[in-house]
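Please open the model in your viewer, with a cartoon for the backbone and sticks ready for side chains. The tour below moves from one selection to the next and says what is to be found at each stop.

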Amino acid sequence: MSTTVAVSAATRQRRAFRLHGLIWLVWRQHRAAFWTVLAVTAAGVAWIARQRGQLISYLHQHGWPHTDMASWATNFGPYENPLSNASTVLGLLMPVLLGVFLGAPLIAGDLEHGTGRLIVSQTVSRSRWLVTKLGMTLLVVAVCATTLCTAFHWWWQPAGKASSPLYWLAGSTAGPLPVALAVFTTAVGAATGLLLRRVLLSMVVTFGLAVAVQYVWATSWPRLGTAVTATTRTGVTDGAFPSLPEAAYDLDQSYLTGAGDTLDPSLCALRDDRAISACLQQHDVVGWSVKYLPASQMTSLMWTASAILVALTAVVTAYVLWWGNKRLY
């Protein structure tokens, strides 16, 4: 008797963890895409763990962490390249690929093949169908992107300030920004599919939109920070350039005149040294003026950008629900 009761309890417990209803249907519809994303995430974490092991081994050979960075940064190239490449994949390619291959077909596939009409003709409302499909997909994207970015931060953190370009390139990937970008492009892909109702066309348009988002971000993100200016008045010869703080991001370099104005250095980019000297003297160039972002601003800058993307994602999601209720069929 007790054995039968125990078996029944275990059976009920197993059933309690099974997906059911609309959640089960959405998972079954997109299980190939979901499992692919999860598998790629697991493989990416395993690769990052291996790369970090090699990095830590190299650093330990130079007495890390109780050592001067200059002692190991000189030969850091073979370890910097994988970090840079992984940052490009996570920060640039991942949001685009998720938007194109996961977001765009999400609703467009059902509209193109008519399965959405069949689903909402039952007891399921349009709102519930859209919320479940989009919610599950964005959850999978957010969890996988967060996992990869957290693993990347674990890999990058020990040697983050080895070079200024690496610090800003990889540092942006180690934060919340790629997660927000991935969620946003996936939502944009879903909205595009809802409007265009064709999978292939939606994927092409989503690709263009995702690339445009990346371009806008790449050209506008420095404006979210507060630039700091460093100047010198010791000429523009070698050794006269301002000394910037560790891992500072160089935004702009200009000549500084005696009157305090700035000039484009290309103005005196002449072949002849005598002509260059005459040009500098003619324009009363006395030194350099350099605008930069301190490394301390990176965290707040990335969180600000992520908050903007989250707000835009909320707007796109609200539009999908509104349009889906009004014009789905």
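**First stop: the sheet**

Select strand 1 and strand 4, which pair in the antiparallel sense over 4 bridges; two strands count as paired if DSSP finds at least two bridges between them. Strands (E, at least two residues) and helices (H or I, at least four) are DSSP runs, numbered from the N terminus. Before going further, please note that this is a predicted model, in which local features need pLDDT of at least 70 and side-chain atom pairs count only at pLDDT 80 or more, while totals for chains, interfaces and linings use all residues. Residues are numbered from 1 along each chain as its sequence is written, and side-chain values use heavy atoms, with hydrogens and water left out.

Within this first pairing, show V228, which stands opposite Y292 in strand 4. Now add strand 2 (residues 249-257), which pairs with strand 4 (residues 285-293) in the antiparallel sense over 8 bridges. Two residue pairs can be picked out here: T257 has V285 in strand 4 as its bridge partner, and S254 has S289 in strand 4.

With the remaining strand displayed, the picture is an open sheet of 4 strands in the order 1-4-2-3, with antiparallel pairing. Its edges are strand 1 (228-231) and strand 3 (262-263), each of which pairs on one side only. Strand 4 is largely enclosed by the rest of the structure, because 8 of its 9 residues are buried, where buried means under 20% relative accessible area, exposed means over 50%, and partly exposed lies in between (1.4 Å probe, protein chains only).

**Second stop: an aromatic pair at strand 4**

Stay with strand 4 and show W288, which is buried at a relative accessible area of 11%. Then select F241, which counts as partly exposed at 32% relative accessibility. F241 and W288 form an edge-to-face aromatic pair, 5.3 Å centre to centre and with 65° between the planes. Rings of Phe, Tyr and Trp (its six-membered ring) pair if their centres lie within 6.5 Å, and planes under 30 degrees apart count as stacked, over 60 as edge-to-face and the rest as tilted. F241 lies in the loop between strand 1 and strand 2 and W288 in strand 4, so the pair ties together parts that are 47 residues apart in sequence.

**Third stop: helix 3 and helix 7**

Select helix 3 (residues 31-61) and helix 7 (residues 126-156), which pack at an angle of about 5° with their axes 9 Å apart; axes are lines fitted to C-alpha atoms, for helices over the stretch in contact, and angles run from 0 to 180 degrees between N-to-C directions. That makes helix 3 roughly parallel to helix 7, since angles under 35 degrees count as roughly parallel, over 145 as roughly antiparallel, 65 to 115 as roughly perpendicular and the rest as oblique.

Which residues of helix 3 meet helix 7? Among them are F34, L38, W47, I48 and L55, and those on the helix 7 side include M136, V140, L148, F152 and W155, contact meaning heavy atoms within 4.5 Å.

Zoom in on W47 and W155, whose ring centres are 5.4 Å apart and whose planes stand at 90°, so the pair is edge-to-face. W47 in helix 3 and W155 in helix 7 are 108 residues apart, and the pair links distant parts of the chain. W47 is partly exposed at 37% relative accessible area, whereas W155 counts as buried at 1%.

**Fourth stop: a ring cluster and two loops**

Next, show W168, W217, W221 and Y249, which ring pairs link into a cluster.

Move to R197, in the loop between helix 9 (177-196) and helix 10 (199-220). R197 has a positive phi of about 65° although it is not a glycine, and its relative accessible area of 24% makes it partly exposed. D284, in the loop between helix 11 (273-282) and strand 4, likewise has a positive phi, near 55°, in a residue other than glycine; it is partly exposed at 42%.

**Last stop: T313 and the whole chain**

Select T313 in helix 12 (residues 298-327), which counts as buried at 7% relative accessibility. T313 touches V183, F184 and A187, not counting residues up to four places away in sequence.

Finally, zoom out to the protein chain, whose secondary structure comes to 12 helices and 4 strands. Of its 329 residues, 42% count as buried.
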